[in-house]
Amino acid sequence: MSTTGDRPLDAGRVGAKLRELTAVDPLGRGGQEDPWREFRRVEIIDLQLSFRFRHSLGKYSRFFLDLEQRRLMATRCPRCGTVWMPPRPACGNDLTVTEWVELPGRGTLAAATECAYTLTTGGGAGHLVLGYVALEGASTLLLQQIRNYGDARRLTPGLPMRVAWADARVEHPMELFWFEPAR
Amino acid sequence: MTSPSAADVVILGGGLSKFAAERPDGTPIDWIVEATQAALADAGVELVTIEHSIVAYESEIIARQLTMGQVVQDALGLCPKPSVRVEAGGGTGGAALRTAFAYVRAGLCESMLVVGADAVGRQVPSTTVRQVYAMSGDVDFEMAAGGFFTAYYALMMQEHMRRYGTREEQMALVSVKNHRNARSNPMACMPLALTVDDVLKSPPVAAPYKRLDCAVLADGAAALVIATPRWAREHARAWRDRARIYYTGSGCGTDRMRLGDRPGPYPGLAHFRAKREAAAMAYAMAGVTDPRREIDVAEVADPYTGVELQSYEDLGFCGYGESGLLTERGVFDLGGELPTNTSGGLIGQGAPPGAMGLAQAVEIVRQLRGECPRERQVPGARRGLTDIHGGTASFAVVSVFERRD
């Protein structure tokens with residue numbers, strides 16, 4: 001939105017003050033036709049909201065803990081046989097309590113997208129590729145980063161994939177692994 | 001699904017506060033006040049006669065305000081009347097519409113003010129907003145892997161392109177259309193004259209999506225007055241003086257939060273099962289059997305260009321895989337067989353989540369009354385549809401509206 005009346009800021013006695021301005025009516029009504037003409041003087045202040053969580057991974061924790069042992073753990077419903085990956089402690093079809101099963105870490109690519117950035121993973125990574133992988137033994141698809149793919153045009157559905165493991169210390173357990181083409 | 005004794009529901013009027021990439025001149029509550037004033041004036045209704053309200057907004061974190069429903073009720077001067085807040089991500093406005101429909105139809109009240117807003121323009125950095133919105137999906141697995149919503153929608157479209165041969169040029173035509181339609185909408189955020197080439201050459205975000213394939217997070221608010229015909233006869237000047245708009249069908253559907261958990265081949269990664277469910281429910285209620293011919297104008301969810309194409313298919317406007325070709329033929333343009341997003345949609349009008357689904361209904365009401373500017377009026381429109389969803393359509397609402405003279 002355009003504004004008028006901006007002026008160099010002298011925050012004076014208000015530390016959080018960022019700016020004072022006279023806002024323009026966004027509908028372009030001028031003078032007496034602007035019903036809010038007495039309310040166009042605006043102060044913008046700086047506010048911050050931050051949280052730190054002591055976040056439990058709850059009944060999903062074994063998946064994350066076993067990643068440290070380089071094991072990919074899914075859950076299987078003893079009633080309907082669905083193998084959930086990511087795991088679910090209760091089957092998403094019938095609420096039966098599931099059981100842990102290890103998957104071999106091989107599969108095929110279902111879909112991939114090359115992203116200019118992401119905002120949600122460690123370090124706010126720049127360019128990355130995200131893909132859904134159909135792991136052998138799983139009934140569902142697992143989203144993870146795809147690395148070491150060479151030319152991104154290779155990343156077509158059906159491409160054989162394998163899990164790869166991080167050697168370095170990571171921040172979040174999901175950073176312990178990624179997928180890459182098996183050949 | 002419906003009781004024979006259920007009340008008819010009518011939309012008496014609607015209003016918007018200007019959608020913009022930044023509104024330093026107010027807060028979401030200020031914009032709700034503006035939209036409410038416009039809606040009441042449009043409906044010809046006095047605020048004091050309204051019996052109930054619904055307040056829609058997506059995120060307390062971004063609003064930096066809990067219980068905004070109660071705060072809005074206070075600001076509007078509606079205390080001590082009843083009010084309820086609803087939330088369903090991008091589908092929040094749709095959830096508000098459906099909730100209002102249910103309350104009025106069930107007889108809990110005969111008049112309802114429905115308002116929605118969000119401030120997701122530049123008051124909070126867009127990187128922060130997108131991080132917060134990533135929490136609308138799977139936080140522990142997919143978000144932690146780097147997932148975010150543009151990427152999820154991009155993965156869906158990759159599968160749609162693979163299955164049906166849908167092309168980026170066809171998606172770009174949606175951007176061109178919606179930005180063009182916004183040019184006759186003074187409330188719109190992104191009125192632009194674009195070419196397909198402009199869209200294709202805009203910076204990449206997540207393949208196949210580029211910046212001009214994406215809706216713009218915006219500041220703004222919308223409001224509607226919903227009632228029974230009996231209440232309208234007694235309290236609304238618009239009932240006597242204007243074309244009457246009935247809310248004849250409401251449907252809702254859901255799907256699994258993670259795309260990878262959805263069964264194949266349908267919906268698989270490519271389709272919106274929740275939307276198909278919602279549409280079927282709304283069509284059954286409204287007596288629609290051939291939507292492409294029986295709907296005259298539609299506002300269709302378009303957070304990304306490809307989503308509009310996918311939505312055409314699950315709304316039954318065309319067969320699976322046909323949306324790109326029909327878009328090339330101009331079927332969904334103004335002057336085409338079924339004009340869509342005449343307001344500009346989320347891409348052209350802007351995308352404040354709490355307001356979007358309500359703003360769609362405001363546009364359809366104006367279209368059915370024949371009150372849109374000539375450039376975007378669909379001549380003789382008698383039946384309209386709105387479609388909005390949250391997540392990657394893990395929640396969807398479809399509504400049908402009809403003009404009855």
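Where in chain A is A:Glu68 found? Before I come to that, a word on what we are looking at: this is a predicted model, in which local features need pLDDT of at least 70 and side-chain atom pairs count only at pLDDT 80 or more, while totals for chains, interfaces and linings use all residues. Residues are numbered from 1 along each chain as its sequence is written, and chains are lettered from A and ligands numbered from 1 in the order in which they are written.

A:Glu68 sits in the loop between α1 (61-67) and β4 (72-76) of chain A, where helices (H or I, at least four residues) and strands (E, at least two) are DSSP runs numbered from the N terminus. A:Glu68 is exposed because 11 other C-beta atoms lie within 10 Å; on this scale 20 or more within 10 Å of a residue's own means buried, 12 or fewer exposed, and anything in between partly exposed, with C-beta atoms placed from the backbone. The C-alpha atom of A:Glu68 is 9.3 Å from that of A:Phe177, although the two residues are 109 apart along the chain.

Let me turn to chain A as a whole, which has 1 helix and 11 strands, in the sequence pattern β-β-β-α-β-β-β-β-β-β-β-β. Chain A has a radius of gyration of 26 Å, well over the 16 Å that the globule rule gives for 183 residues, so it is more spread out than a compact globule; the radius is taken over C-alpha atoms, and the rule is 2.2 Å times the number of residues to the power 0.38. The C-alpha trace of chain A spans about 70 × 40 × 35 Å along its principal axes, and 28% of its 183 residues count as buried.

The strand β4 that follows our loop belongs to an open sheet of 3 strands in chain A, with the order β5-β4-β6 and antiparallel pairing, where two strands pair if DSSP finds at least two bridges between them. Because β5 (83-84) and β6 (99-103) stand at the edges with a single partner strand each, one side of each is left without a neighbour in the sheet. Between β4(A) and β6(A) there are 5 bridges, and A:Ala74 has A:Val101 in β6(A) as its bridge partner.

Finally, the contact between the chains takes 39 residues from chain A and 35 from chain B, contact meaning that C-beta atoms, placed from the backbone, lie within 7 Å. On the side of chain B that touches chain A, α7(B) gives the most, with 6 residues.

Conventions:
Two residues are in contact if their C-beta atoms, placed from the backbone, lie within 7 Å.
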